[in-house]
Amino acid sequence: MRKPTTDPLDTPVTESSAATPASDLNARYGRGGRSRRPLLIGAVAVVVLAGLTWLIWVAWVQSNPPVTSQLQGFEIVSPTSAKATLKVDRSKSVEANCRVQAKSADFSIVGEVTVTVPAGSPRHQTLPVTLTTQRSATSVVLVGCTTADQHRPR
């Protein structure tokens, strides 16, 4: 005759027997009780937010310079002289230095002048510039204007 078997579902479950398999698995695979995923997501979010803030700030500063300039026109007056007209716009009353170059047919610089726009002058103005050249110039080029805070010519 067969021995009657008991159904495993009929056996009472004790608290210690339920915790043992989980503890065994944690010990075997080195898992901790808490997940670090939320901490990692939070750290990545902070880094991304800081990067986006910096990017927006750099874009704003670069798109709104304190001074901008434009060459309106030029005229070669003689073999040793050229005239140019500059338009200078400043967002605030700061001193600006604008550099203009005269170039020959072989693109070498034959004359150069730096015009200073005082801080107390109008913010939007058109300036006549006269350049003395070493030999005949064929064109006049505006390098750009700089301020104490803006070192890249614009």
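Let me start with the transmembrane region, an annotation that comes from an unreviewed UniProt entry and covers residues 38–60. What we have in front of us is a predicted model, and in that model the chain over residues 38–60 is 100% helix and 0% strand, with the C-alpha atoms at the two ends lying 33 Å apart.

Helix 2, which runs over residues 37–63, has S63 in it, and I would like to pause on that serine for a moment. A polar atom of the S63 side chain lies 2.9 Å from the backbone oxygen of A59, and the backbone oxygen of W60 is 3.2 Å from a polar atom of the side chain of S63 as well. Is S63 buried or exposed? With a relative accessible area of 48%, S63 counts as partly exposed, because that class takes in what falls between under 20%, which is buried, and over 50%, which is exposed.

Let me now step back to the protein as a whole. There are two helices and six strands in it, and if you read along the sequence you meet them in the pattern α-α-β-β-β-β-β-β. Of the 154 residues in the protein, 21% are buried. If we take the contacts with a separation of 6 or more, residues 24 or more positions apart account for 60% of them.

Turning to the strands, I will begin with the open sheet, which is formed by three strands in the order 1-2-5, with antiparallel pairing. Its edge strands are strand 1, residues 67–78, and strand 5, residues 124–132, each of which pairs on one side only. From one strand to the next, the twist averages 20 degrees. Within this sheet, strand 1 and strand 2, the latter being residues 81–90, pair in the antiparallel sense over 10 bridges, and a hairpin joins strand 1 to strand 2 through two residues. If you want to follow the pairing on the screen, look for F74, which stands opposite A84 in strand 2, and then for E75, which stands opposite K83, also in strand 2.

Next comes the nonpolar core. Which residues have the most contacts inside the largest nonpolar core? They are L86, V88 and V100, in a core of 19 residues. Strand 2, strand 3 (96–103), strand 4, strand 5 and strand 6 (139–146) each supply at least two residues of this core.

V100 gives us a way to see what surrounds one of these core residues. Once its neighbours within four places in sequence are left aside, V100 is in contact with a list of residues that includes L86, G111, V113, V129, L131 and V141.

Moving along to Q101, which has its place in strand 3, we find a residue that is buried, with a relative accessible area of 9%. The side chain of Q101 makes a polar contact with the side chain of E112, at 3.2 Å. Leaving aside neighbours within four places in sequence, Q101 is in contact with several residues, among them I109, G111, E112, L131, V140 and V143.

G111 appeared in both of those lists of contacts, so to speak from the other side, and it deserves a look of its own. This glycine is found in strand 4 and is buried, with a relative accessible area of 7%. Not counting residues up to four places away in sequence, G111 touches V100, Q101, A102, L131, T132 and T133. There is also a distance to note here, since the C-alpha atoms of G111 and S136, which are 25 residues apart along the chain, are separated by 9.6 Å.

My last stop is another serine, S121, which is found in the loop between strand 4 (109–117) and strand 5. Where does the side chain of S121 reach? The S121 side chain reaches the backbone oxygen of P118, at 2.7 Å. S121 is buried, with a relative accessible area of 16%, whereas S63, back in helix 2, is partly exposed at 48%.

To close, let me repeat that the model is predicted, and that the picture I would keep from it is a protein of two helices and six strands, with a stretch at residues 38–60 that is 100% helix and a largest nonpolar core of 19 residues.

Methods: Residues numbered from 1 in each chain as written. Predicted model: local features only at pLDDT ≥ 70, side-chain atom pairs only at ≥ 80, totals over all residues. Heavy atoms only, no water. Pairing = 2+ DSSP bridges. Helix = DSSP H or I, 4+ residues; strand = E, 2+ residues; numbered from the N terminus. Axes fitted to C-alpha atoms, helices over the stretch in contact; angles between N-to-C directions. Buried < 20%, exposed > 50% of the residue type's maximum accessible area, 1.4 Å probe, protein only. Polar contact = N/O pair within 3.5 Å; in protein donor to acceptor, adjacent residues only side chain to side chain. Core = buried A, V, L, I, M, F, W, Y, C linked by side-chain atoms within 4.5 Å. Contact = heavy atoms within 4.5 Å. UniProt positions renumbered as here; feature names shortened; annotations may be inferred.
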